[in-house]
Amino acid sequence: MLKGKKILLGVTGGIAIYKVLDLISKLKKLEAQVDIIMTESATKMIAPITFQTMARSKVHTKLFESSDNYNVEHISLAQSCDIVLIAPATANIIAKIANGIADDLLSTTLLATKKPIILAHAMNSNMLDNPATKRNIDILLQRGHYFIETGTGFLACNHYGNGRMAEPNDIIDYLDCFLTKKDLDGKNIIITAGPTIERIDPVRYISNDSSGKMGYSIAKMARNRGANVILISGPTYLSQINGIETIHIETADELFEAIDDNFEDADCLIMAAAPADFKVKNRKDKKIKKTEIPELELVENKDILSYFGNIKGSKKIIGFAAETDNLKKNAKEKLHKKNLDYIIANDISKPGAGFNVDTNIASIISDSYTEDLPIMSKFDLADKILDLLKY
Ligand code: CTP
């Protein structure tokens, strides 16, 4: 959602400045517009030309710089952006903002702006723990400014502790969430994602190709749109999403239990997980030796969606249908059989749809209508699915 957003980026002289080049590159790939102000100390660490080239826009450094137009530069920069991001934000710039000091272009612009100010701060842990810095951060929080949490790790001073600037991907995730309209505010949504695994013995299992990408995209988008999300995830390689309660499960039975524990308070269940349809009845507690080729006895797992569809009351239930043939007919049958409000049907045999890819080609089917969607990113499809919960 950062496409077309105008970000005024204030860069100050902290060693984490090297990460900001990667951040700008990522913001440009997402088609955000980035205007940059660098402090004098920042320009001593990395030359402005490097930032200018990455951002494909002029880097502003001086308060009394001659300008090509007649606008007062710090006022026009302060007014024309959607948000101001300061990265890295040193203890010094935090102190200046807290005390209303305006002695260079960045601090003057910050005093002049009414736009949200977000700080990705970075400093040595003693500086961060210093009562003066703590007080300044408190003042800024009370004034309604925002801080992106620092991480713990090795700092530039060869010290291990808290004070690392958030990683570029986490800053982008924060901005994305910040700039998304909160139209699902207050909704409690359970989202399931990924495969389940059904053990044969302690080292072997039956599973499927689900990557979890669709469910994780819905969970992230729902968080961005203000919903309270519980993500129930089978084993995946995907990173944990900030700000979301994630329950990790392995088997379809555990998936059922996790939904059941949270269903009462939910407004909606979106079932993007691919639970295994069968489990192993004669599962062994000890590793089976290769000389003992087992005969697997499979029994059917509970149809989780059918169970919750049939007790849903006023809650909305959305399922998925992964098909290789008779897509719409099979999907509609599942819609009715499982008593769903909507089913998202996708033909997993088509290139660009289904498991393990970043895109999907889906149809949204309800009792009364069908909407065929073109190929789109799973994140954009997530947005379309969540639109179904607005009414
Ligand atoms: N589902 C479920 N419990 C199961 C199997 C599937 O809740 N034991 C859910 C899936 O999460 C999905 C929907 O039901 O939202 C349809 O899953 P799909 O695998 O397409 O269909 P199945 O019901 O398993 O039927 P079939 O395998 O015969 O196509």
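This passage walks through a sheet, two surface patches and one buried helix residue in a predicted model.

A good place to start is the open sheet. Six strands make it up, in the order E3-E2-E1-E4-E5-E6, and their pairing is parallel. Strand E3 (59–60) and E6 sit at the edges with a single partner strand each, so one side of each has no neighbour in the sheet.

Strand E5, which spans residues 117–121, is worth a closer look. On one side, E5 runs parallel to strand E4 (residues 83–89), and four bridges join the two. One of the pairings here puts Ala89 together with His121 of E5. E5 also pairs with strand E6 (residues 146–147), again in the parallel sense, this time over two bridges. In that pairing, Ile118 stands opposite Tyr146 of E6, while Leu119 has Phe147 of E6 as its bridge partner.

How much of E5 is covered? Five of its five residues are buried, so to speak of the strand as mostly covered is fair, given that buried means under 20% relative accessible area. In a regular strand, side chains alternate between the two faces of the sheet. For E5, both faces turn out to be covered: Ile117, Leu119 and His121 are buried on one side, and Ile118 and Ala120 are buried on the other.

Next comes the surface, where two patches turn up. One carries negative charge and gathers Glu254, Glu257, Asp260 and Asp261. Of these residues, Glu254 lies in helix H11, which covers residues 252–263. Glu254 has a relative accessibility of 35%, and therefore counts as partly exposed.

The other patch is nonpolar. Phe278, Leu296 and Leu298 form it, and together they offer about 270 Å² of accessible area. Phe278 belongs to strand E15 (residues 278–280). Because its relative accessibility is 45%, Phe278 counts as partly exposed.

Last, there is Ala42, a residue of helix H2 (residues 40–45). Is Ala42 buried or exposed? Its relative accessibility is 0%, so Ala42 counts as buried. As for distance, Ala42 and Asn228 are 186 residues apart along the chain, and 39 Å separates their C-alpha atoms.

Note on methods. Residues are numbered from 1 along each chain as its sequence is written. This is a predicted model: local features need pLDDT of at least 70, side-chain atom pairs count only at pLDDT 80 or more; totals for chains, interfaces and linings use all residues. Side-chain values use heavy atoms; hydrogens and water are left out. Patches are made of residues with over 30% relative accessible area and no salt bridge: like charges are joined within 9 Å, nonpolar side chains (Val, Leu, Ile, Met, Phe, Trp, Tyr) within 5 Å. Accessible areas come from the Shrake-Rupley method with a 1.4 Å probe; for residues, only the protein chains shown count as cover. A salt bridge is a side-chain nitrogen of Lys or Arg within 4 Å of a carboxyl oxygen of Asp or Glu. Lys and Arg count as positive and Asp and Glu as negative; His and the chain ends are not counted. The place of a charge is taken as NZ of Lys, CZ of Arg, CG of Asp or CD of Glu. Buried means under 20% relative accessible area, exposed over 50%, partly exposed in between (1.4 Å probe, protein chains only). Two strands pair if DSSP finds at least two bridges between them.
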